[in-house]
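Student: I would like to go through this model with you, one feature at a time. Where shall we start?

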Amino acid sequence: MKKFKIALHLTVALFVVLLAVSCRKAPQVIPEQVEQIFEGDASSTIKGMYMLNEGNMNMNKASLDFVNFRTGIYERNIYNKANPAVTKGLGDVGNDIGIYGSKMYVVVNISNKVEVLDVKTAKKMGQIDIVNCRYVTFHNNKAYVSAYLGKVGDPKAPNGIVAEIDTTSLQITRKVTVGRQPEEMAIVGEKLYIANSGGYSPTDYERTVSVIDLASFAETKRIDVAINLDRVKADKYGDLYVTSRGDYYTIPSKLFVIDTRTDAVKKVFDIAASNLWIDDDIAYIYSTEWSYPQQKNTISYSMLNVKDETVLSTKFITDGTDQKIVVPYGIAVNPITKDVFVTDAGNYVASGTLYCFDKNGRKKWQVVGGDIPAHMAFVY
């Protein structure tokens, strides 16, 4: 009888352990949360803004939030509510977001996919599988997605690509090979420009911007710029603003201007730039420049007039809040109100923060987002 009781106790204990282990390994869907953060404006031309939180790599914590400008309500984790059947949620590392027509495209890097959602409901409409995808942009009913290809961090990974996707069928129609580890893109006229980083080979970074003719979908040239390129933004005067991250040791980050009429670098700004947003004639820039020798980030904020290509003395944060932002990680500007949105990744582990500043640089409100809030898209 004692042997039976001991065996029964061991069986129950083993069941409890197995149950606990299985529960820990089961994907945990983050519940939706709703919070009133400011008094809304019912007449707002822009309905609101989606916020894509990257989430920590290999933790399946990418998430999607929405701030409603008309009601002042912030909704967290709306993807999970809209798509309860998707057991693992949005996936691993949300790297970019873009809206085109009635569809929203969410690039999920480590999960090797672009999720296509309904803009109004955030319900999943389709999925395009692309290995190690990075950024998305749009032109003439096509979506263009950059992709590293190969395994994450592999210095022997092949050259990257840009994939062309039909926005009706959601099928890949064409691909073109570019440089190693291509990043952000911009389209001017009928040419697509993409920054090649070579980020998987720190001793042998890429230093070019690929130029793709959209009609033939062929790479026509590469513009020599600087090492470890990342962001590419177009102004309304036919110029591109391209960021170089440097080598994190002795070569600093800089900002370069390319004239798309000549496809050549025409100006260099000796200012650090991690990301920028161009609205009308103003470029809003922040930098989180890491130094391995110093083992720390240097944070800076800048503004440029892109019309006359001059650095401005004014700042887009004027009330001292910049001293509270640990790691600026994303930026967007409301084209109607000129409110500036800046995200803070904090320690990259706990939930980050979204700040909203008015056109004079004073904080209007702040709200806690998901892990590593980074990429924003406006809904009209």
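Tutor: Start with a loop. Asn140 sits in the loop between E9 and strand E10 (142–147); helices (H or I, at least four residues) and strands (E, at least two) are DSSP runs, numbered from the N terminus. This is a predicted model, where local features need pLDDT of at least 70, side-chain atom pairs count only at pLDDT 80 or more, and totals for chains, interfaces and linings use all residues. Residues are numbered from 1 along each chain as its sequence is written, and side-chain values use heavy atoms, with hydrogens and water left out.

Student: What is the phi of Asn140?

Tutor: Asn140 is not a glycine. Its phi is positive all the same, at about 45°.

Student: Is Asn140 buried or exposed?

Tutor: Buried means under 20% relative accessible area, exposed over 50%, and partly exposed in between (1.4 Å probe, protein chains only). Asn140 has 51% relative accessibility, so it counts as exposed.

Student: And Leu170, is it buried or exposed?

Tutor: Leu170 lies in the loop between strand E11 (161–166) and strand E12 (172–177). Its phi is positive too, about 60°, although Leu170 is not a glycine. Its relative accessibility is 12%, so Leu170 counts as buried.

Student: How many salt bridges does the structure hold?

Tutor: A salt bridge here is a side-chain nitrogen of Lys or Arg within 4 Å of a carboxyl oxygen of Asp or Glu. By that rule the structure holds 27.

Student: Which residue forms a salt bridge with Arg134, and how many residues apart are the two?

Tutor: The partner is Glu183, with the closest N and O atoms 3.1 Å apart. The pair links distant parts of the chain: Arg134 is in strand E9 (residues 133–139) and Glu183 in strand E13 (residues 182–188). Arg134 counts as buried at 13% relative accessibility, and Glu183 counts as buried at 1%. In sequence, the two are 49 residues apart.

Student: Which residues are linked with Arg134 in a network of salt bridges?

Tutor: Glu183 belongs to that network. The other members are Glu184, Asp230, Arg231, Lys233 and Arg245.

Student: How far apart are the closest N and O atoms of Arg207 and Asp224?

Tutor: Arg207 is partly exposed at 34% relative accessibility, and Asp224 is partly exposed at 47%. Arg207 and Asp224 form a salt bridge, and their closest N and O atoms are 2.7 Å apart.

Student: Which residues have the most contacts inside the largest nonpolar core?

Tutor: A nonpolar core is a set of buried Ala, Val, Leu, Ile, Met, Phe, Trp, Tyr and Cys residues joined through side-chain atoms within 4.5 Å. The largest has 18 residues. Strand E2 (48–53), strand E3 (63–68), helix H2 (78–82), strand E6 (103–108) and strand E29 (373–379) each give two or more residues to this core. Those with the most contacts inside it are Tyr50, Leu64, Leu90, Ile97, Met104 and Val106.

Student: How much space lies in the largest pocket?

Tutor: The search uses a 1 Å grid over the protein atoms alone; a pocket is an open set of points where a 1.4 Å probe fits, with protein on both sides within 12 Å along at least five of seven lines, and lining residues have an atom within 4 Å of a point. Grid points are joined across faces, edges and corners, and a volume is the space filled by probe spheres set on the points. For the largest pocket that space is about 1,300 Å³.

Student: Which residues lie nearest the centre of the largest pocket?

Tutor: The lining has 40 residues. E22 supplies the largest share, 5 residues. Nearest the centre lie Arg134, Asp230, Arg245, Tyr248 and Tyr329.

Student: How many nonpolar residues line the second largest pocket?

Tutor: About 990 Å³ of space lies in this pocket, and E29 gives the most to its lining, with 5 residues. Ala, Val, Leu, Ile, Met, Phe, Trp, Tyr, Cys and Pro count as nonpolar, Asp, Glu, Lys and Arg as charged, and the others, Gly among them, as polar. The lining has 4 polar and 4 charged residues, and the nonpolar ones number 21.
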